[in-house]
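The following exercises concern a predicted model. Please work through each task before reading its solution.

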Amino acid sequence: MSKGRFGIHGGQYIPETLMNAVNDLEKEYEHYKNDDQFNKELTALYNNYAGRPSLLYYAEKMTKDLGGARIYLKREDLNHTGSHKINNALGQALLAKKMGKTRLIAETGAGQHGVATATVAALMGMECEIFMGKVDCERQALNVYRMELLGAKVHPVTSGTMTLKDAVNETFREWVSRMDDTHYVLGSVMGPHPFPTIVRDFQAVISREIRSQMIELEGRLPDAVIACVGGGSNAIGAFYHFIGDPSVRLIGCEAAGLGVDNPKNAATMANGKLGIFHGMKSYFCQNEFGQIAPVYSISAGLDYPGIGPEHANLKDTGRAEYVSITDEEAVGAFEYLSRTEGIIPAIESSHAIAHALKIAPEMDKDKIIVINVSGRGDKDVAAIARYRGVDIHD
Amino acid sequence: MIKLKTAFENKKAFIAFITAGDPDLETTEKLIREMAENGVDLIEIGIPFSDPVAEGTVIQEADLRALASGTTTDKIFEMAERIRGDIKIPLVFMTYCNPVFAYGTDRFMQRCAQVGIDGIIVPDVPYEEREELLPFCRKYGIELVSLIAPTSKDRISMIASDAEGFVYIVSSLGVTGVRKEITTHIEEIVSSVREATDIPCAVGFGISTPEQAERMKSAADGVIIGSAIVRIVAEHGRDSVEPVREYVRSIARAVHN
């Protein structure tokens, strides 16, 4: 079996042209991940630039309102740039810089990873180009302008379905044409090895913090950790340091769009089959001939037809459970958290909140749920207004 | 089965690529017959994929047109079966890993052998992942073509020493598509391959003119042309038989003279 496997999943299914680039990346990462100086610099960036550690906030009103388990919110939305994506962007950009790269490229769906990458590129004085599906550019026009403000060049991708998977395709195409000075800051726990491991390690700061914060606040581990999954980076970050604790339920919430039985969904775990795409073996939404299916979600960050290989393995082993949340449920949760706690969550994170709304009331009051609020919802306000039939301009 | 190396016997080889089902399989069938009769030595039949990451826009768009016209893996096998008896040159499939995997890799290779497909090229399966395909290729006698890129460097001897059929040398960084010039030192790559194996080397990616074909054939054993042909099909659709014939003849002259 080749490198970078999680059970049967993962691997390195990429063109030969890229093999030395990913091998170099693996070698450099293996070196720097244990390098004290690198880790010191990264921690300084996390703490002094991104605003870590992020709060673990007890949502008292929500807890009382639901009448069941105690609910904590991991406030990744409070990070600089407004989501967990900065954790990975800082880590990879620092690594790229150590490797002598001067240019960063990245795909983005909702725009959060693009904004994080553009931000870090500005900070580190690196060139930056972002690939974003044309449909997503329209859904998230504000983020396009943010990236440009930060000095990045944004390429609207017009191939295929013009969403996240096509942005990934196009970023790979760009990388294969220019590797010597360019690092591809892959935004999720997907793609060929070593990306799923690198991104997971940089996002694992989330569960490292949850664990110590929870022990400090409650003197014990939570009973459940809930996170949304597209590619799966915030979820693996929130799960990672609990994988060895079977008492902690790990629940990933994927986007069911208009419903898992409606063709317009992005529920890879519910509907996908084992396949090989974007450099990895994992589950993908596809037809009987292996053509990747067009997927849909109100959330541009979750409408990806695959899922990271480590999640696929967590599903196979039964260690994590995966549920599907519709657009309607997510929008309801978006509005609920805004009204109840005065926190406007990203529409992506709202999928996790929606599931908590379902299960918390049925749990005992001495149980504890942690919801990873992976991002803030400012970027989604216009889209939610449109969903509710209110016509406002971004 | 026809061994891929027969395309290179006593001559430089002209290898042509075409996307199956663009604009429809009837046209593809005619084009394959025409190409085989007009100097092409080996044909790569592309099984379209929704997300062809190694392709430039010309072949990407051809793949989408082919899928939109209802082309499926089964229908391509049926077409291959119809033409095989009349065509004396090697035929290979070029596609991505997922269409093969989804079909069932064993069943896919078995069908290849049944319909007379001699080899397969899968650009998203590098050396490290070849076990995904190789055991099934071996089982049914399908030759698995290895690719070597300008960035392969220290990997060349490892890849070449296990290569079958011919070595596909990727001429340039980036994706498939017509290029004004090819700056890679193909001769250096070929000589590195030669140290590990004596199977033929063919160069692809970016070649479109007879002049480029002539230069590349002097550097290697064969020349692969894809996007330039697909572009003619894109322009002429069902009427592309004539212009493709003319084009293929001009390249064949350059490669064989």
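**Exercise 1. A strand pairing in chain A**

Which residue in S12(A) does A:Tyr13 stand opposite?

*Solution.* Begin with the pair of strands: S2 (residues 9–13) and S12 (residues 279–284) of chain A run antiparallel to each other and are joined by two bridges. Next, locate the residue facing A:Tyr13, which is A:Gly279. Then place the pair in its sheet, an open one of four strands in chain A with the order S1-S2-S12-S11 and antiparallel pairing. Finally, consider the edges: S1 (5–6) and S11 (273–277) of chain A each have a single partner strand, so one side of each lacks a neighbour in the sheet.

**Exercise 2. The nonpolar cores**

Identify the residues that touch the most other members of the largest nonpolar core.

*Solution.* This core holds 92 residues, and the residues sought are A:Leu90, A:Trp175 and A:Phe239. Take A:Phe239 further: beyond four places in sequence, its contacts include A:Val225, A:Leu250, A:His311 and A:Tyr322. Apart from the largest core lies another, of 77 residues, including B:Met35 and B:Ile169.

**Exercise 3. The interface**

Describe the contact between chain B and chain A, from its area to a single salt bridge.

*Solution.* First, the area: the two chains bury about 2,900 Å² between them, with 54% of it on carbon and sulfur atoms. In chain B, the most area is lost by B:Asp51, B:Val53 and B:Glu129, together 19% of what that side buries. Second, the residues: chain B contributes 40 and chain A 35. Third, the charged pairs: there are four salt bridges between the chains. A:Lys281 and B:Glu132 form a salt bridge through their side chains, at 3.1 Å from N to O. Lastly, H4(B) supplies six residues, the largest share of the side of chain B that touches chain A.

Methods. Residues numbered from 1 in each chain as written. Chains lettered and ligands numbered in written order. Predicted model: local features only at pLDDT ≥ 70, side-chain atom pairs only at ≥ 80, totals over all residues. Heavy atoms only, no water. Core = buried A, V, L, I, M, F, W, Y, C linked by side-chain atoms within 4.5 Å. Buried < 20%, exposed > 50% of the residue type's maximum accessible area, 1.4 Å probe, protein only. Contact = heavy atoms within 4.5 Å. Pairing = 2+ DSSP bridges. Buried area = accessible area lost by both parts, 1.4 Å probe.
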